[in-house]
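Me: I would like a close look at one part of this model, a pair of packed helices and the core around them. Please keep the account plain.

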Amino acid sequence: MGLLRNYKLILVLFLGISQIAHSQIIPGAYHTEQYLHLLKGKQVALVVNHTSVIGKTHLADSLLALGVQVKRIFAPEHGFRGTADAGAHIDNEVDAKTGLALVSLYGKHKKPTPEDLKGIDVVIFDIQDVGTRFYTYSSTLLYVQEACAENKVNLLVLDRPNPNGHYVDGPVLDPSRFASFVGLTAIPVVHGLTMGEYAQMLNGEGWLANKVRCDLQVIPVSSYTHKSVVHVAIAPSPNLPNDQSIALYPSLCLFEPTVVSVGRGTNTQFQVIGTPNSAAGEYTFTPTPLPGAMDPPLKGQLCYGKDLRDVATREMGFSLSYLMEMFEKTGRKESFFTSPSFFDKLAGTDAIRLGLLAGKTEKEIRATWEPALKAYKEMRKRYLIYQD
């Protein structure tokens, strides 16, 4: 009976691949034939969330049905089901469907402990990222990879495409001054890497603590290049509901520690910007408590600004124009920044904030990061799995 169930699951997985074959982009998780043998007789832990699916089946359910000994699930920011607010505390719990222990890798417990990994032979990382440095799933990968290296546990990354992987731009973070969970390494805002490529960079550049190296294997995405147009079918987090929000996210996230709302508490998150100042624009919205943003910035206040739902984001890429425009319209004051230190951590530099306050142009501000960005682009080439 168990064997029949396994055959049925394999058929379902095959049909799942067939259903998405028209897009030609098939994530690593779908290629079970490439990694199932690596898990035979092993004790396995998963770093997964709601995006970790094969077709409509969660990776955890798929592996358990195939007889893999999954012992533990690690959940990143937003939780295992992906519904928690950004920055919300997530408790450890038990998954009702599988009975597996869920361990949160957010808050004070960002890195698996030796106790967490006791008895584990292989950790699988399979999460849809959006290719932006301050999106915290890449920081979770770093801490997981570091823990695996320190505890001699193999790491298997089931790679997924990067919806912002078609370009590289923005300031390169200075880890000596601005390292935090929204940016730990010397990569730009838009880094142009999949999580598999980033994992290879972490090893190759010696960016793990004490320059430890992890026993790493990546199952690549098939038929993907960095020029591919990627549709993300499952919202990777509550406030990135669609492809437009994901494309605008690199430019708009810098508004988070300012007086400007990015639409949290609306149904147009990261597709609109506004502030309680009628000079900021004609488009209006009022943030209210919603799942994923129960206490949004500027809650209950009428905001004026811009609707960016029809902006051609692929052509525009990472831009400071929205930030500079709202800074000008709200009076060019230091009070524009509600948390200057957090703004600098998101940017990875203080050059943007100081440049705005000094009245510099976007061209002048960009010039501050060009040398480091050029060097990063050359370094990045060593770790690419997919063609640019």
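Is the crossing of α4 and α6 left-handed or right-handed? Please set the answer in its surroundings.

Reply: The crossing of α4 and α6 is right-handed; the model is a predicted one. Two packed helices are described by the angle between their axes and the distance between the axes. Here α4 and helix α6, which spans residues 195–204, pack at about 45°, and their axes lie 10 Å apart. Angles of 65 to 115 degrees count as roughly perpendicular and those under 35 degrees as roughly parallel, so α4 and α6 are oblique to each other. On the α4 side the contact is made by S138, L141, L142 and Q145, and on the α6 side by M195, Y198, A199, L202 and N203.

As for the core, the largest nonpolar one has 79 residues, and the members touching the most others are V123, L254, F255 and I352. Its main contributor is helix α4 (residues 137–150), with seven residues.

I352 has contacts with P171, L254, L320, L323, F343, A347, I365 and W369, leaving aside residues up to four places away in sequence. Two of these, F343 and A347, are also among the buried residues of helix α10 (residues 340–347), along with D344 and L346. These buried residues lie on the same side of α10, because they cover an arc of only 160° around the axis. They pack against β9 (169–172), α5 (175–178), β10 (188–190), α9 (321–329) and α11 (351–357). After α10 comes G348, which has a positive phi near 80°.

Note on methods: Residues numbered from 1 in each chain as written. Predicted model: local features only at pLDDT ≥ 70, side-chain atom pairs only at ≥ 80, totals over all residues. Heavy atoms only, no water. Core = buried A, V, L, I, M, F, W, Y, C linked by side-chain atoms within 4.5 Å. Buried < 20%, exposed > 50% of the residue type's maximum accessible area, 1.4 Å probe, protein only. Helix = DSSP H or I, 4+ residues; strand = E, 2+ residues; numbered from the N terminus. Contact = heavy atoms within 4.5 Å. Arc of directions from axis to C-beta. Axes fitted to C-alpha atoms, helices over the stretch in contact; angles between N-to-C directions. Parallel < 35°, antiparallel > 145°, perpendicular 65-115°, else oblique. Left-handed = near helix turned anticlockwise from the far one by under 90°.
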